[in-house]
Amino acid sequence: MALSAAERAMVRALWRKLGDNVGVYATEALERTFLAFPGTKTYFPHLDLSPGSAQVKAHGQKVADALTLAVDQLDDLPGALSFLSDLHAHKLRVDPANFQLLCHCLLVTLARHFPGDFSPAMQASLDKFLSRVTSTLASKYR
Amino acid sequence: MVHLSGEEKTAIATLWGKVNADEVGGEALGRLLVVYPWTQRFFDSFGDLSSATAVMGNPKVKAHGKKVIDAFSNGLKHLDDLKGTFSSLSELHCDKLHVDPENFRLLGNEIVIVLAHHLGKDFTPKVQAAFQKVVAGVANALAHKYH
């Protein structure tokens, strides 16, 4: 499931466009996930999940930073995300099905904000990239 | 049964009225075939699906997308009885077409993505949540008669 050179180029091009706002879009994706898929909220009983919550924003930034790291390190996702794989496997133990829900909401967020860039080929590249990230996150589960 | 509030039902009807349903159908099906190429297994007779451009421009994809969205639109008028509404389509997809129900969930999510793409700021998180309930309900209804 490795990304082709063209797919990497598409993902990187969009990420450059997102610039410093990756956190904003990741936060919106989280908000969409919590609203559309209420079961996902069960992993955050310790957070205020109301719209506009500073805690959700902070978490969105964390997710954004991890994704930006992944974009930069497409050649070695297991290495780059090793800490996060361990964390999700042994401490957080989020059911991997939830990663797909967040990825879907990320795509929805990007489609909504960047319609001109969100061609089918771009969507396919992003979907593949996110799929690689989530399988890396789940790789140490068992 | 899909549980939607009055506000959600209104939002869905309003936004559905703002889109060209036929275009949404063609685009959602096209994107499904591009993003998840293994779904092309059901469409050997459709001709050229060799590239994203070929898929999105393929007249058979557009025509089939319209068929699918017509059924979906009909579902929107019968949200209180999706299982009844999609009963014969469910049997068809199981007995004749042999389609894995997972594909209904994938296509439902593509419809959501295309709506976000077309509607922009109108496709708020609340509206998305309402549509997710609908596409999940339709997918479940289509899978209901499988045996």
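## Largest pocket: helices and lining

Five helices, drawn from both chains, each supply at least two residues of the lining of the largest pocket. In chain A they are H6 and H7. In chain B they are helix H2 (21-35), helix H7 (102-119) and helix H8 (125-143). H7(A) gives the most to this lining, with eight residues. The model is predicted.

In total, 43 residues line the largest pocket. Nearest its centre lie A:Gln100 and A:Asp127 from chain A, and B:Tyr36, B:Glu102 and B:Leu106 from chain B. The space in this pocket comes to about 1,100 Å³. By class, the lining divides into 24 nonpolar, eleven polar and eight charged residues.

## Interface of chain A and chain B

Chain A brings 18 residues to the contact, and chain B brings 20 residues. Between them the two chains bury about 1,700 Å². Carbon and sulfur atoms account for 63% of that area.

What does the polar side of this interface hold? Ten residue pairs are in polar contact across the interface of chain A and chain B, both residues at pLDDT 80 or more. Salt bridges across this interface number zero.

Which helices of chain A supply at least two residues each to the side that touches chain B? They are helix H2 (22-36), helix H6 (97-113) and helix H7 (120-137). H6(A) gives the most to this side, with six residues. The side of chain A that touches chain B has eleven nonpolar, three polar and four charged residues.

## Second largest pocket

About 800 Å³ of space lies in the second largest pocket. Its lining has 31 residues. Those nearest the centre are A:Phe44, A:His59, A:Val63, A:His88 and A:Leu92.

Which helix gives the largest share of this lining? H3(A) does, with seven residues. Helix H3 (54-72) is one of the chain A helices that each supply at least two lining residues; the others are H2, helix H5 (82-92), H6 and H7. By class, the lining has 21 nonpolar, eight polar and two charged residues.

## Shared helices

Some chain A helices recur. H6 and H7 of chain A each supply at least two residues to the lining of the largest pocket. Each also supplies at least two to the side that touches chain B, and at least two to the lining of the second largest pocket. H2 of chain A supplies at least two residues to the side that touches chain B and at least two to the lining of the second largest pocket.

Notes. Residues are numbered from 1 along each chain as its sequence is written. Chains are lettered from A and ligands numbered from 1 in the order in which they are written. This is a predicted model: local features need pLDDT of at least 70, side-chain atom pairs count only at pLDDT 80 or more; totals for chains, interfaces and linings use all residues. Side-chain values use heavy atoms; hydrogens and water are left out. Contact means heavy atoms within 4.5 Å. Buried area is the accessible area (1.4 Å probe) that two parts lose on being put together, summed over both. A salt bridge is a side-chain nitrogen of Lys or Arg within 4 Å of a carboxyl oxygen of Asp or Glu. A polar contact is a pair of N or O atoms within 3.5 Å; within protein, one must be able to donate a hydrogen and the other to accept it, and residues adjacent in sequence count only if both atoms are side-chain atoms. Helices (H or I, at least four residues) and strands (E, at least two) are DSSP runs, numbered from the N terminus. Ala, Val, Leu, Ile, Met, Phe, Trp, Tyr, Cys and Pro count as nonpolar, Asp, Glu, Lys and Arg as charged, and the others, Gly among them, as polar. On a 1 Å grid over the protein atoms alone, a cavity is a set of points where a 1.4 Å probe fits but cannot get out, and a pocket is an open set with protein on both sides within 12 Å along at least five of seven lines; lining residues have an atom within 4 Å of a point. Grid points are joined across faces, edges and corners, and a volume is the space filled by probe spheres set on the points.
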